[in-house]
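Q: Please take one part of the structure below and examine it closely, residue by residue. Then place that part in its wider surroundings.

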Amino acid sequence: AELEALVKDVDGHALTLNYELSDNLTLSSISAYRAMENIGQGDSDGSSFSLLTTVGDQQEDDMFTQEFRLIGNAMNDKLEYVMGAFYMNEVGELSVGSELDLAVARGLPALTGTLIYAQNSIDFENDVWALYGQGTYNLTDQWNLTLGLRYTKEDREMSKFATNFVNGNAGAPTVYPEASGSFDNISGMASLGYQISEDVMTYAKLSQGYQSGGFNSRDRLAVYFVTGYDEETVLAYEWGFKSFLHDRRFMLNAALFFNDYDDKVVSKFVFDDSGARNILRNAGVVEIYGAEVEFIAQLDSGVEFGINYGYTHPEYKKYEDDL
């Protein structure tokens, strides 16, 4: 989709305060505020035809975040750790107008078709709380173990009403039931590292990822709007090494990875007589594996050469499509 920004205004402010509680412990406070206003229009179907056009897309968003961190070391510097708490509040409004030419969608001459114009007005609010901690313990001079854990809780609310115009004639406004939901997750990670030499190390890592569920502001049908979509999770495996070679003139890093997604969220457009519907659904299970290689060479004092290579192979193991 191509969307042209007619007006875009973004303001961001952040304040970071650090206080040394002791020689081995620091307390940090990070406060931030962000406000955004965006007005745009453009082609929403991504094709060379005027099937679906976004008109008067307006969004206002205000976000406040607060984070507290404790950063320290213990056990004669064998243990380095960080733990903290995070909060975010986001409030916003969204107004979206879209035009669908059913004649063009069906391959008919545009002048004989039905032009559907939909104007949607959405209000939303999101609250996020999180607690986290991570520590690295040096088992020996060569071996180290890193463990981390995070708890996240999110509360989401969204309200919406819409008015449809068919060939310029307005229909009755549609007021959607309010959509609300809570999502929570506990995610962890573990990494084992081995320092082969001063300039070469290898590691193996297992981690969990989480993306909150929510509601799709562009869902046209009330039943799908209030149902929304569930959270998406991933279990990620990674092995790699990092190295400096030839008196640190060369750097060579490589990694192999495998990601196992559950309830993967996918997006697609559906065209029918009711107009165009943008769908967000939990489609199923996705497995992704691949490799990455990074090489940098310092050829001379002023000449550096670098090359990166990545290979990614995604595959749906299960795909549920009811639309």
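A: Contact here means that heavy atoms lie within 4.5 Å of each other. The model is predicted, and the account that follows starts from one residue of its interior, Ile 122.

Leaving out neighbours up to four places away in sequence, Ile 122 is in contact with Gly 92, Glu 93 and Leu 94, with Met 158, Ser 159 and Lys 160, and with Ser 217. Two of these partners, Leu 94 and Met 158, belong with Ile 122 to the largest nonpolar core. That core has ten residues in all, the others being Val 96, Phe 124, Ala 162, Tyr 176, Ala 179, Phe 215 and Phe 225. At least two core residues come from each of strand 4 (79–101), strand 5 (115–138) and strand 6 (143–166). In soluble globular proteins, nonpolar side chains tend to be buried together. A second core is separate from this one and has five residues, among them Val 234, Phe 257, Val 286 and Ile 288.

The core also leads to the largest pocket, whose volume is about 340 Å³. Its lining comprises 21 residues, and those closest to the pocket centre are Met 158, Phe 215, Asn 216, Ser 217 and Tyr 229. Met 158 and Phe 215 are thus core residues that also take part in the lining, while Ser 217 is both a contact partner of Ile 122 and a lining residue. Strand 4, strand 5 and strand 6 each supply at least two residues of the lining, as does strand 13.

Strand 4 also carries Asn 89, a polar residue. Because its relative accessible area is 17%, below the 20% limit, Asn 89 counts as buried. Its side chain makes a polar contact of 2.8 Å with the side chain of Asp 127. With residues up to four places away in sequence set aside, Asn 89 touches Asp 62, Met 63 and Phe 64 on the one hand, and Glu 125, Asn 126 and Asp 127 on the other.

The contact with Phe 64 leads to strand 3 (residues 52–74), where Phe 64 is placed. Phe 64 has a relative accessible area of 34% and is therefore partly exposed. Beyond its close sequence neighbours, Phe 64 is in contact with Ala 32 as well as with Tyr 87, Met 88 and Asn 89. Phe 64 and His 13 are separated by 51 residues in sequence, yet their C-alpha atoms are 9.7 Å apart.

Arg 69 also lies in strand 3, and with a relative accessible area of 30% it is partly exposed. A polar contact of 3.0 Å joins its side chain to that of Glu 67. Beyond four places in sequence, Arg 69 touches Thr 26, Leu 27, Ser 28 and Ile 30, together with Met 83, Gly 84 and Tyr 132. The C-alpha atoms of Arg 69 and Ser 29 are 6.5 Å apart, although 40 residues separate the two in sequence.

Charged pairs form a further part of the surroundings, with seven salt bridges counted in the model. One of them joins the side chains of Arg 156 and Glu 154 at 3.0 Å, N to O. Arg 156 is partly exposed at 22% relative accessibility, whereas Glu 154 is buried at 9%. Another joins Asp 219 to Arg 281, with the closest N and O atoms 3.7 Å apart. This pair spans 62 residues, linking the loop between strand 10 (200–211) and helix 2 (222–227), which holds Asp 219, to Arg 281 in strand 13 (residues 275–300). Both Asp 219 and Arg 281 are buried.

Lys 264 and Glu 232 form a salt bridge at 3.5 Å, N to O. Here strand 12 (residues 250–272) provides Lys 264 and strand 11 (residues 232–245) provides Glu 232, the two being 32 residues apart. Lys 264 is partly exposed at 21% relative accessibility, while Glu 232 is buried at 8%.

These details belong to a chain of two helices and 14 strands. Of its 323 residues, 34% count as buried. Among contacts in the chain with a separation of 6 or more, 62% join residues 24 or more positions apart.

Conventions: Residues are numbered from 1 along each chain as its sequence is written. This is a predicted model: local features need pLDDT of at least 70, side-chain atom pairs count only at pLDDT 80 or more; totals for chains, interfaces and linings use all residues. Side-chain values use heavy atoms; hydrogens and water are left out. A nonpolar core is a set of buried Ala, Val, Leu, Ile, Met, Phe, Trp, Tyr and Cys residues joined through side-chain atoms within 4.5 Å. Buried means under 20% relative accessible area, exposed over 50%, partly exposed in between (1.4 Å probe, protein chains only). Helices (H or I, at least four residues) and strands (E, at least two) are DSSP runs, numbered from the N terminus. A polar contact is a pair of N or O atoms within 3.5 Å; within protein, one must be able to donate a hydrogen and the other to accept it, and residues adjacent in sequence count only if both atoms are side-chain atoms. A salt bridge is a side-chain nitrogen of Lys or Arg within 4 Å of a carboxyl oxygen of Asp or Glu. On a 1 Å grid over the protein atoms alone, a cavity is a set of points where a 1.4 Å probe fits but cannot get out, and a pocket is an open set with protein on both sides within 12 Å along at least five of seven lines; lining residues have an atom within 4 Å of a point. Grid points are joined across faces, edges and corners, and a volume is the space filled by probe spheres set on the points.
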